[in-house]
Amino acid sequence: MKQARTRSLSILFQLGGLILAFGFVTLILLSIDANPAEAFRLIWQGAVGNSTRIASVFVVWVPLVLVTCGVLVTFTAGLWNIGIEGQITLGAIFTTGVIRLFLDTPVHPVLVIVLSILAGMVGAAIWAVLAGLLKVFGGVNEIFGGLGLNFIATALNIGLIFGAWSRPGVASMSGTEPFPEAYWLPTFQNFRFSWYSIALTVVGLVVIYFLLQGTHFGLRLKAVGKGIKSAFRLGIPTWQHMLLSFLICGLFAGLAGALQVVAVYHRLIPAISSGYGFMGLMIGMLINYQAIWVAPIALFFAALNIGGIQLPIVMKLDSTLTGVLQGSLVLFILLMQGVKQRVLGNK
Amino acid sequence: MSGDIILLGLAGVIASGAPIVLAAIGETLTERAGVINLSLNGTIILSAMMGFWVAVEFDSLLLGFFAGALVGALVAAIVAFSSITLKQSQVAVGFILTITCRDLAYFLGNPIMGRQGPIMFSTPIPLLRQIPIIGPLFFQQSLMTYFSMILIFLAWFWISKTRPGLMLQGIGEKPAAAFVRGANVQAMRYFYTILGGALVGLAGPLYTLSVKPGWKGTITGLDGIGWIALAITIFGGWNPIRVAFGAYLFAFLQWLGLVLQSSWTFIPSQVLQVAPFPLMILTLLLVNLGNTEWMDRLLATLPDGVRIRVKKLIRSLRSQPPAALGTPFERQ
């Protein structure tokens, strides 16, 4: 009985956070003389208005879910993997590199795609472990190590697009030369949407769910995250677990980056990580690090992203409005959680 | 390069370092009280846009800076409320705010992109400006740059030489002990978080009204500055003088990058643009190595004479955070 009551109270507070977030965004829109109802309607229509748009939502859903799965592992170990953006970028770079390597060889394209995705995962994992090594052996907080590595990854990416891998003739912000169609992940009809990406994402979700909920390893990670000193006294090799959590997160970020290359853009573009890494961190906080909520909340965030594209076209508003909505949603729900704890006493 | 040009460049370093000084000293005050305000990057971008907007709208530099400080104080108040009163994770709230404020700045700033705004020019100080070298370097700057220089010593004096400053150190190091001595820990933490935030909020308009005039949306070029300021706070070991040194060093290296870019054309410009970030990692590595366990073990294996010297070197570089940084205070 009591448990049921706390749960329904929890939902009530979360609903309060949701209302506050929408209220905040409404106020912002009113302050610049824009019609809030029209803006929300546009976002909704922009996300579900026709089949192309719905397909686009799932195109964004794939990297969001993968990245969120990754950061759940580092969050569980008590780590802030802000370097996730750079890890996605490195994944995309390694994938592009491998495809370029095999472009004019007799190796079968399917094998090349598989190899390139694996390479992307490895590349991102290296970048993630680098942040972990800086943390464990250099005493550099993972927030700053990761952030620095993000900027370096971006520079490397742009350097390659405008330098070694530039388009013959004109190097441009539109990215590298697109690959021949044989090296694309097959898409569903004419949409940019690929069943293979969706399948890989679902596998990733299941893996993370069981890893964190059902294995001894997940339990040990939780112990490290709750208190590193007591975990060490319990006999858990703590720094090894931290590095391992970075490694696993990197593999997921790499898969996200690789799929952006082989399934979505078919080339390397400057903003290949598209801010999905930071969004993954936000989703992780919003769902209070529970893997079961990753899929629906990521879908909601993806819908907001795609829906926001209509704002500049129709209302001459900047599409960053959806970012503000996502951010205030996470903020207010977090704040309401604090209010709940304060009102009801401990937890 | 002739002496005059170098002098002009160095005076520019003092000016372009000023916003970083403001932000990093503000964060130093906040963190000395035991609170991390991780929202700096977003705060600076939002206050830069709001400050510019208000300055354009009312044609007043003063109101522009006031608006910037207000934005910074408001964002800091959210951090303070959620972490001190609601006891939520400071890192989480700061990170959400840094992202959300940035998006908000780009959204609200859309209509004022590329507009012409007032610019703060330099106000040379009579007599002092004529001192050779020192005059052109320090006394031909803008009013805000003077303020940033004064702030360094003010903050240092406040923290280490006054009684309230001692209390500030207390609530950051051992809040329970400070509480027993009569300090209102929660109220003081609120005060220093909001004060620090207001100083961070001055950094934004200092960019858009003086150092990098104008608001150009995502290409204003302020994304990343806040993170640098946070790293400089650590590099400076939470000591205003050392923090200011870090800020000027950063501004100097940026200027050097620009100079080198024109003469060393074989280095791609993208490399020099991001050079501060690997540098940030390296400096953090340098000041933190002394805190790691394996370093202690390695040192123990060295012969005595060498060990003492190496230890001295590491200790001089090392920076240790206030002991209660990032932890909430509970009154038992």
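**Exercise 1. Determine which residues Leu64(A) touches, leaving out residues up to four places away in sequence, and place Leu64(A) in the nonpolar core.**

Step 1. Not counting residues up to four places away in sequence, Leu64(A) touches Tyr276(A), Met279(A), Gly280(A), Ile283(A), Ala298(A), Phe301(A) and Ala302(A). Two residues are in contact if their C-beta atoms, placed from the backbone, lie within 7 Å.

Step 2. The model is a predicted one, in which local features need pLDDT of at least 70 and side-chain atom pairs count only at pLDDT 80 or more, whereas totals for chains, interfaces and linings use all residues. Residues are numbered from 1 along each chain as its sequence is written, and chains are lettered from A and ligands numbered from 1 in the order in which they are written.

Step 3. The largest nonpolar core holds 208 residues, and Leu64(A) and Ile20(B) touch the most other members. Such a core is a set of buried Ala, Val, Leu, Ile, Met, Phe, Trp, Tyr and Cys residues joined through C-beta atoms within 7 Å. A residue is buried if 20 or more other C-beta atoms lie within 10 Å of its own, exposed if 12 or fewer, and partly exposed in between, with C-beta atoms placed from the backbone.

Step 4. With 17 residues, helix α10 (residues 238-265) of chain A gives the most to this core. Helices (H or I, at least four residues) and strands (E, at least two) are DSSP runs, numbered from the N terminus.

**Exercise 2. Characterise the overall fold of chain A and of chain B.**

Step 1. Chain A has 14 helices and 0 strands. Its radius of gyration is 21 Å, close to the 20 Å that the globule rule gives for 347 residues, so chain A is as compact as a globular protein of that length. The radius is taken over C-alpha atoms, and the rule is 2.2 Å times the number of residues to the power 0.38.

Step 2. The C-alpha trace of chain A spans about 65 × 60 × 35 Å along its principal axes, and 51% of its 347 residues count as buried.

Step 3. For chain B the secondary structure comes to 15 helices and 0 strands. A compact globule of 332 residues would have a radius of gyration near 20 Å, and the 21 Å of chain B agrees.

Step 4. The trace of chain B spans about 55 × 50 × 45 Å along its principal axes, and buried residues make up 46% of the 332 residues. Of the contacts in chain B with a separation of 6 or more, 78% join residues 24 or more positions apart.

**Exercise 3. Establish how many residues of helix α10 of chain B are buried and what covers them.**

Step 1. In α10 (residues 225-235) of chain B, 11 of the 11 residues are buried, so the helix is largely enclosed by the rest of the structure. Among them are Trp227(B), Ile232(B) and Phe235(B).

Step 2. The cover includes α6 (142-162) of chain A, together with α1 (3-32), α2 (40-58), α4 (90-108), α11 (240-263) and α13 (276-288) of chain B.

Step 3. Just after α10(B), Gly237(B) takes a positive phi of about 60 degrees.

**Exercise 4. Describe the packing of α6(B) and α11(B).**

Step 1. Helix α6 (residues 143-161) of chain B and α11(B) pack at an angle of about 155 degrees, with their axes 8 Å apart. Axes are lines fitted to C-alpha atoms, for helices over the stretch in contact, and angles run from 0 to 180 degrees between N-to-C directions.

Step 2. That angle makes α6(B) roughly antiparallel to α11(B), a class that covers angles over 145 degrees.

Step 3. Ile152(B), Ala155(B), Trp156(B) and Ile159(B) in α6(B) meet Pro240(B), Ile241(B) and Ala244(B) in α11(B). This contact divides into 7 nonpolar, no polar and no charged residues. Ala, Val, Leu, Ile, Met, Phe, Trp, Tyr, Cys and Pro count as nonpolar, Asp, Glu, Lys and Arg as charged, and the others, Gly among them, as polar.

**Exercise 5. State where Tyr289(A) lies and where Ile133(B) is found, and give the phi of each residue.**

Step 1. Tyr289(A) lies in the loop between α11 and α12 of chain A. Its phi is positive, about 65 degrees, although Tyr289(A) is not a glycine. With 18 other C-beta atoms within 10 Å, Tyr289(A) is partly exposed.

Step 2. Ile133(B) is found in the loop between α4 and α5 (134-138) of chain B, and its phi is near 60 degrees. Ile133(B) counts as exposed, with 10 C-beta neighbours inside 10 Å.

Notes. Parallel < 35°, antiparallel > 145°, perpendicular 65-115°, else oblique.
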